[in-house]
Amino acid sequence: MQPAVKRIIFFAAIIAFWEIGSRLELWMPIILPSPTMVWDALVTGFEDKTLIYDLAASFKRLAIGLGISLVIGMGLGVLLAKSKTADETLGTVILALQSVPSIVWLPLAIMWFGMNEKAVIFVVVLGGAFVMTLNVRVGIKNVSPLYIKAAQTMGARGWDLFARVIFPASIPYMVTGARLAWAFAWRALMAGELLSTGPGLGYTLRYASDFGNMSLVIGVMIIIGVIGSIVDQLIFQRVEKSVLQRWGLES
Amino acid sequence: MFITINQVQKQYSDKNNQPVDILKDINLTVQKGEFVSILGPSGCGKSTLLSIVAGLTKATSGEILVNNIKITKPGKDRGMVFQQAALFPWLNVMENVTFPLKKEMSKKQAEEQAKKHLQMVQLGNYTGHYPHELSGGMQQRVAIARALAMNPDTLLMDEPFGALDEQTRARLHGQLENIWTETKKTILFVTHSISESIKLSDRIVVMGTKPGTIIQDIKVDLPRPREKYKKEMLEIEDHIMGYLKREIDKVVSEELSNAASS
Ligand SMILES: Nc1ncnc2c1ncn2[C@@H]1O[C@H](COP(=O)(O)OP(=O)(O)O)[C@@H](O)[C@H]1O
Ligand SMILES: [Mg+2]
């Protein structure tokens, strides 16, 4: 059987069990509303455009935050790979920061920027920047010495060598770094929105919870999960796979 | 003399930071257009010597002149082909071969130049392919075209066919011989295969090991192509084998005594 077919049967079974359980009143709707109720909440949300505004707002913050974090990660990664001193000092700090969930910066960010979008974007930036930094650093350090030697015998030196050989050779690591940065940034964004202000998917999630609208809570959770896996599997994993293949790291 | 290697020594530090002689008293001259093989057991310092000529490694002492200029760094006058093709996987065949030409000529000129050399290695129809789509032998031919395209006087080759199967290797020997006849490059060709060196070269420089020194310099005076001279080639092979056997015995007995003392 095709994996896709297996998956469809699996999800259909879960939804069927969930719907039947709800109809037989095995649990209260306020604990777990039925799939049809969740579906209705989603349809209403899209019809009155609130969910569309939420999606747009969340994606705007994500784009800005992730964009900044990739640029910072690229810069810091190159610095750490090229400067031993920077690696031995700043490098250890970044390694430590990487193990801190970026949402813990939110209270500080709110003090610095106020209870607004900037604070959320700040948390998103911190979510993605360090993992990108570490991947770029490893990518540059792992460039095959053979490529560098070959390029040198063809007259490449200095900036030319970096731009035409070292940088492109480390692209597979950068793609992996960007994929992980996206995953961390997406989680940071949802946490940030949940704890601060809207519009945004996370904010609507809390708002719905405050008003006891469990159907919408579950609906938004599903949207968050679906977006997460679509971006990861349909975009990043495909790009990563084709890059690895082209770079001869996987056949 | 076109290439002069003068009293070159190379030391590396071992685990205990003691200097170890890798190359000792290397003196060698090569004429313009000559095809010279450097033959020796693995670990004797062939790659190190070639890398010093390429300017990628610094000699501990001594000097190397190519075309009367002292070698201090790599340069486009010396093209290098490694055992691994070392093509850039993010560039297609055409972009790989034009890599060294970008700075000095227009894109169109560079592509013409590249095309000419790709045709020389019979890969004129593969310009749009990426390295991972090519076989090992094809990749190595692209690497040869890439080195030739920058029009170096000297071609340095470090076991370029060592990773290929027997049939592919034999075919590439023929192609390399043709290219050499056509372009009149000076070639320094490192190998550990006696028959390969006899098949291809005007002269064979035999190296001994620990430390790496030149123990013999043998002229191969057979007309080309050499397929017809099986008997003569075998005689030379026996002759060289005599020298190399002593070297290999030396390595083995040293390893045995190391094993006994440790
Ligand atoms: N960077 C290095 N540092 C220390 N020892 C080295 C280094 N490069 C090569 N060697 C040593 O030098 C010797 C000669 O190596 P090499 O030139 O690669 O030999 P060959 O090409 O003839 O097989 C070997 O014993 C090797 O271990
Ligand atoms: Mg070698």
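## A salt bridge between two domains

Across the interface of domain 1 and domain 2 of chain B, the rule turns up one salt bridge. Keep in mind that this is a predicted model. The partners are B:Lys76 and B:Glu104, with their closest N and O atoms 2.9 Å apart. Five residue pairs are also in polar contact across that interface, both residues at pLDDT 80 or more.

On the domain 1 side, strand 7 (154-158) and helix 5 (166-183) of chain B each bring at least two residues to the surface that touches domain 2. Helix 5 gives the most, with seven residues.

## How the domains meet

So where do the domains run? In chain B, domain 1 covers 3-77 + 154-261, and domain 2 covers 86-151. Their centres, taken over C-alpha atoms, sit 26 Å apart. Each domain puts 14 residues into the contact.

About 1200 Å² is buried between the two, and carbon and sulfur atoms give 66% of that. Within domain 1, B:Lys76, B:Gln175 and B:Ile179 lose the most area to domain 2, together 44% of what that side buries.

## The nonpolar cores

The largest nonpolar core has 88 residues, and A:Trp182, A:Trp186, A:Leu201 and B:Phe88 have the most contacts inside it. Both domains of chain B give residues to this core, so it lies between them. There's also a second, separate core of 28 residues, including A:Ala150, B:Val8, B:Leu23 and B:Leu28.

What does B:Phe88 touch, leaving aside its neighbours within four places in sequence? From chain A, it is in contact with A:Tyr147, A:Ala151, A:Met154 and A:Val165. From chain B, its contacts are B:Asn96, B:Phe99, B:Pro131 and B:Arg146.

Definitions and conventions
Residues are numbered from 1 along each chain as its sequence is written. Chains are lettered from A and ligands numbered from 1 in the order in which they are written. This is a predicted model: local features need pLDDT of at least 70, side-chain atom pairs count only at pLDDT 80 or more; totals for chains, interfaces and linings use all residues. Side-chain values use heavy atoms; hydrogens and water are left out. A nonpolar core is a set of buried Ala, Val, Leu, Ile, Met, Phe, Trp, Tyr and Cys residues joined through side-chain atoms within 4.5 Å. Buried means under 20% relative accessible area, exposed over 50%, partly exposed in between (1.4 Å probe, protein chains only). Domain bounds come from an automatic or database domain assignment. Contact means heavy atoms within 4.5 Å. Buried area is the accessible area (1.4 Å probe) that two parts lose on being put together, summed over both. A salt bridge is a side-chain nitrogen of Lys or Arg within 4 Å of a carboxyl oxygen of Asp or Glu. A polar contact is a pair of N or O atoms within 3.5 Å; within protein, one must be able to donate a hydrogen and the other to accept it, and residues adjacent in sequence count only if both atoms are side-chain atoms. Helices (H or I, at least four residues) and strands (E, at least two) are DSSP runs, numbered from the N terminus.
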